[in-house]
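Please look through the structure shown here with its charged side chains in mind. The report that follows describes some of the salt bridges.

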Amino acid sequence: MTAIKHALQRDIFTPNDERLLSIVNVCKAGKKKRNCFLCATVTTERPVQVNVVKVKKSDKGDFYKRQTAWALRDLAVVDAKDAVKENPEFDLHFDKVYKWVASSAVEKNTFISCIWKLNQRYLRKKIDFINVSSQLLEESVPSGENQSVAGGDEEAVDEYQELNAREEQDIEIMMEGCEYAISNAEAFAEKLSRELQVLDGANIQSIMASEKQVNILMKLLDEALKEVDQIELKLSSYEEMLQSVKEQMDQISESNHLIHLSNTNNVKLLSEIEFLVNHMDLAKGHIKALQEGDLTSSRGIEACTNAADALLQCMNVALRPGHDMLHAVKQQQQRFSDLREQFARRLASHLNSVFVQQGHDQSSTLAQHSVELTLPNHHPFHRDLLRYAKLMEWLKSTDYGKYEGLTKNYMDYLSRLYEREIKDFFEVAKIKMTGTTREGKKFATLPRKESAVKQETESLHGSSGKLTGSTSSLNKLSVQSSGNRRSQSSSLLDMGNMSASDLDVADRTKFDKIFEQVLSELEPLCLAEQDFISKFFKLPQHQSMSGTTTNEAEEMDGGTLSRSYTSGVPQTISSEKDMIRQMMTKIFRCIEPELNNLIALGDKIDSFNSLYMLVKMSHHVWTAQNVDPASFLSTTLGNVLVTVKRNFDKCISNQMKQMDEVKISKKSKVGILPFVAEFEEFAALAESIFKNAERRGDLDKAYIKLIRAVFVSVEKVANESQKTPSDVVMMENFHHIFATLSRLKISCLEAEKKEAKQKYTDHLQSYVICSLGQPLEKLNHFFEGVEARVAQGIREEEVSYQLAFNKQELRKVIKEYPGKEVKKGLDNLYKKVDKHLCEEENLLQVVWHSMQDEFIRQYKHFEGLIARCYPGSGITMEFTIQDILDYCSSIAQSH
């Protein structure tokens, strides 16, 4: 063990400036035995550090390595397991318990004894040595002496001590003076012994020579001891005196502690009292304002608002734990509740009175506004009520039941007021629409349908069947003769939804202005009311609403609105944002029915009014949706727009139906069909109305439907016509349609314009061919026979040898058509064409010119056959092409 100890000192601890004092060979308890060493060491530098180091043999060689080190000051308990029996097991309690088994009980006891000595000398720390024999600890140090504490020098603990540097130097000097010591150690030792004896003798002689000084020193020591005794006596008396002072100081310290504790408690108590007073004390002025404040003046409302806010702050203060158990706090909270209830009741009563007064006062101004077709301005009323907005917000957060009651009452009273105003407003609008015509007559003088029949019948011309007066509307049926007037009148009587009179552009413009004014008055009224409701009732207004539909909202009355909230929490209504739309629906529930009635009236006056209404409603819906797509105004106008669109579609459908049901006269020529002229009127009017309109797509769809119906009806009438050839009917009407579409330049009808032109061209050619026919009938039959022979295979120059087609026969046929007869036939043809064509379309010269061209073409064809089949015969027609041109020109000029 000594060799291992020296090896560990040399290899591990000396490089770290440590001295190895004790070592024990151990292994961990309960595990496979892998031996290691626990070493007790001290540092050579001061302050001295005492450590317990675990040293383990390396797995790769025979050298040792330092594995773990613990400071002795961290050692809490040394457990030797058994103080009586020899036992190699022991525990060391550092940060955790380390269980060890020593190689022998002796090594364990030596190591524990060394630990105890080091603790006594360097640490003075209380380490618990349990299950350790008392003899083991007592043997280490004699009792009653200071050495029991010090534990002796390190030499007593350790039998080996390394030489220091000076000792090594002295030994080297001495060995240099005795070179033979290396070869003769015994002689060297004897010499050292002799020198040591000489030195001992010299020391004894020196001591004996200084006996006198020693006696003097001893005497001085005795005197010093006496002085020390006296000082100790004085210190004892001082200690007795200070003992009483210490007791008094302890009492004073304890008293100061109690005073400090009392002061701390007082400070905390004062802080709690100040907190309650500062946060739960309502000023007398606020209390007076809540109880007696004037709710009619601006200053009184401001004082009540400030008081209500202060009361709300006091009621909502976050109390600290235990405050709610204080009787004073409970009393103050009850007082606040009473004040809140009292003021909420007073505020609700006052606002209800204001709502009632508004409903009565405003009615006095209705007549004046209605005559001017304007709605009363509610801005002053809104401005006065907005002074209570903060109080309404306070009421909403403190007493939702009263807030909800005010909301219901506001809707009830204001809905009655607005209903009176809006109904009167719409009555005036209806009177202005229907009351006066251009001649100053009132529609009310005649029943609507009878007036329509009378004016419609008077506008018909008896013989020609042409319409007179103002431009005919799409609602008129086609009547071509006086004999058909009765059926026309009866047909008009069956159409209650059609126009009542021939309203001109001025009348329609007047309607358009009135309708626009109605919408322009309603729009700011609704927006102002919605803005007021949002500000006064503290409801956000711009949002995306996905709640009830408009019809469902109309059915929701105040009771339903109240039931939508229970204990201040919305249930049926998705959010507070939906409440604005429901309130607006209740307040303005009459707007949509009144608008629908006005639209029905306008449509009854003139079905063309649906065009104006569609454009105006589309524009206002577009404007409202840009502001808020889910607002009441946007929703209501959107619903009304659907009605207007239906009327517009119904108007188009009626025109198509009338086209299908049109009847023509069997005794007079057809001319331009009424529905063709009416389509022109419709298109011209629609283009002027829908210029830059948002709903252009609706008009384009209507155009497509109407023009296709016009095409079908024109062909139908042409096929049924007996007086006028179908080609003439088709030619004239499609020419009129083409001219109309070319003039109006409707982009969606480009294909129909091309089709109309093609139909006009085809039927013009067909009519010319059919009407012209064979003006030189016998000559035509002769040349048909010639062409037939050629077709049978006879050569053209040999046709003249045929008996029936020789030159003599040809001259005989040509003589039957002198120029005078040709001119007479052309004149009869011109008269026939003139009877077929109408004056409105002015196609006579166009048709006559086409017939002239066709006649010249036939003439050239005959001349070609004569030249080929009768070459060199000198046979020619008795009139020339120039003669034909002259005949046609003179005929046209004569007529």
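## Salt bridges between and within helices

Lys-616 has a relative accessibility of 22%, so this residue counts as partly exposed. Salt bridges that share partners join Glu-341, Arg-345, Asp-399 and Lys-402 into one network. This is a predicted model, and a search of the whole structure finds 30 salt bridges, among them the three listed in the table.

| Pair | N to O distance |
|---|---|
| Arg-345 and Glu-341 | 3.5 Å |
| Glu-341 and Lys-402 | 2.9 Å |
| Glu-516 and Lys-616 | 4.0 Å |

Within the network, Arg-345 and Glu-341 both belong to helix α11 (residues 327–361), and because they are four residues apart there, about one helical turn separates them. Arg-345 is partly exposed at 46% relative accessibility, and Glu-341 is likewise partly exposed, with a relative accessible area of 31%. Glu-341 also forms a salt bridge with Lys-402. Since Glu-341 lies in helix α11 whereas Lys-402 lies in helix α15 (residues 400–434), this pair ties together parts that are 61 residues apart in sequence. Lys-402, at 22% relative accessibility, counts as partly exposed.

Returning to Lys-616, its side chain meets that of Glu-516 in a salt bridge. Glu-516 sits in helix α18 (residues 505–536) and Lys-616 in helix α23 (residues 609–627), so the pair ties together parts that are 100 residues apart in sequence. Glu-516 has a relative accessible area of 23% and is therefore partly exposed.

Note on methods. Residues numbered from 1 in each chain as written. Predicted model: local features only at pLDDT ≥ 70, side-chain atom pairs only at ≥ 80, totals over all residues. Heavy atoms only, no water. Helix = DSSP H or I, 4+ residues; strand = E, 2+ residues; numbered from the N terminus. Buried < 20%, exposed > 50% of the residue type's maximum accessible area, 1.4 Å probe, protein only.
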